[in-house]
Amino acid sequence: MSSYYDLLGVGADADFEEVRRAYYRKAQLFHPDRYAGSPDQERRRAEAEMKALNEAWNTLGNSEARRRYDIELGLIDADGEDGELGDEGPWDDEEQPRPSLFRSRGLRLAVALVVIAGFVLSAIGVLWPADNHSARWSATATADLRSAAINAGMTAPEADCFVHAITTRYGPSDDVDRAVIQQVADACR
């Protein structure tokens with residue numbers, strides 16, 4: 001049986017950072033998400049490999065668990081004296097870095113904020129009525145505008161397009177530039 005050190009590809013004297021980098025490097029290769037569309041046998045092999053990598057990391061990434069593991073392998077004596085590794089021991093007892101709160105919670109928080117903002121903006125769009133100028137136009141004013149469009153040489157469908165474009169953009173008492181009227185008329189023809 002190979003040791004966790006062999007599995008990660010590091011020496012028994014590797015420090016915490018070296019073990020961490022080796023674990024992440026291997027985890028990227030065997031993570032089950034990479035094998036989602038692979039054949040069942042290949043996916044199971046990657047899952048088993050990832051499980052073994054996680055066991056190795058859980059042991060070697062924790063100084064006390066690593067010390068017990070090294071005793072089992074005979075790398076250090078049970079009374080704390082090193083075996084073949086020398087006097088300094090296989091592990092520096094420096095504090096291990098804590099996982100970033102932003103990585104674990106920050107991404108979830110950002111996604112939640114985007115979803116909530118989407119709901120709020122959708123609700124505003126649905127519930128807040130747009131300024132509908134055509135509701136302010138009387139039937140007579142609309143009919144007069146349509147008649148004027150037909151008298152200007154538009155067909156009935158072109159006149160309807162023109163009336164719709166003008167009544168939705170402008171109110172009956174708004175000043176409309178002649179250039180805008182010409183652009184709308186050209187667009188409807």
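Here are four exercises with worked solutions on the predicted model shown above.

**Exercise 1: A helix and its cover**

Task: Find how far helix α3 reaches, and which of its residues are buried.

Solution:
- Step 1. Start with the length: α3 covers residues 40-60, which is 21 residues.
- Step 2. Check the span: from the first C-alpha to the last, α3 reaches 30 Å, close to the 30 Å expected at 1.5 Å a residue.
- Step 3. Look for side chains hidden from the surface. In α3, the buried residues are A46, M50, L53, A56, W57, T59 and L60.
- Step 4. Now see what lies over them. The cover of these buried residues includes α1 (4-8), α2 (16-30) and α4 (63-73).

**Exercise 2: Pairs of rings**

Task: Work out how the rings of Y4 and Y69 are arranged, then do the same for F16 and W57.

Solution:
- Step 1. A pair of aromatic rings is described by the distance of the centres and the angle of the planes.
- Step 2. Searching the whole structure gives six aromatic pairs. In one of them, the ring centres of Y4 and Y69 are 4.6 Å apart and the planes stand at 15°, so this pair is stacked.
- Step 3. Place the two residues: Y4 belongs to helix α1 and Y69 to helix α4, so the pair ties together parts that are 65 residues apart in sequence.
- Step 4. Check their surroundings. Y4 has a relative accessible area of 17% and is buried; Y69, with 9%, is buried too.
- Step 5. Turn to F16 and W57. Their centres are 5.7 Å apart with 45° between the planes, and this pair is tilted.
- Step 6. F16 sits in helix α2 and W57 in helix α3, 41 residues apart, and the pair links these distant parts of the chain. Both F16 and W57 are buried.
- Step 7. Follow the ring pairs further, and you find a cluster of F16, Y23, Y24 and W57.

**Exercise 3: Salt bridges along a helix**

Task: Compare the spacing of the partners in the salt bridges R20 with E17, R43 with D40 and R68 with E64.

Solution:
- Step 1. Recall that side chains of opposite charge can pair when their charged atoms come close. The structure holds six salt bridges.
- Step 2. Take R20 and E17, whose closest N and O atoms are 2.7 Å apart. These two are three residues apart in helix α2, about one helical turn. R20 is partly exposed at 25% relative accessibility, and E17 is partly exposed at 27%.
- Step 3. Next come R43 and D40, with 2.6 Å from N to O. They are three residues apart in helix α3, again about one helical turn.
- Step 4. Finish with R68 and E64, where the closest N and O atoms are 3.8 Å apart. Both lie in helix α4, four residues apart, about one turn of the helix.
- Step 5. Connect this to helix geometry: an α-helix has 3.6 residues a turn, so residues three or four places apart point the same way.

**Exercise 4: A patch on the surface**

Task: Which residues make the nonpolar surface patch of about 420 Å², and is L107 buried or exposed?

Solution:
- Step 1. Name the members: L107, V111, V115 and F119 make the patch.
- Step 2. Locate L107: this residue is found in helix α5 (residues 101-127).
- Step 3. Apply the cut-off: exposed means over 50% relative accessible area. L107 has 57%, so L107 is exposed.

Conventions: Residues numbered from 1 in each chain as written. Predicted model: local features only at pLDDT ≥ 70, side-chain atom pairs only at ≥ 80, totals over all residues. Heavy atoms only, no water. Expected span 1.5 Å × (residues − 1). Buried < 20%, exposed > 50% of the residue type's maximum accessible area, 1.4 Å probe, protein only. Contact = heavy atoms within 4.5 Å. Patch = residues over 30% accessible without salt bridge, like charges linked within 9 Å, V, L, I, M, F, W, Y side chains within 5 Å. Areas by Shrake-Rupley, 256 points an atom, 1.4 Å probe, with all protein chains shown as cover. Salt bridge = Lys/Arg side-chain N within 4 Å of Asp/Glu carboxyl O. Phe/Tyr/Trp six-rings, centres within 6.5 Å; stacked < 30°, edge-to-face > 60°.
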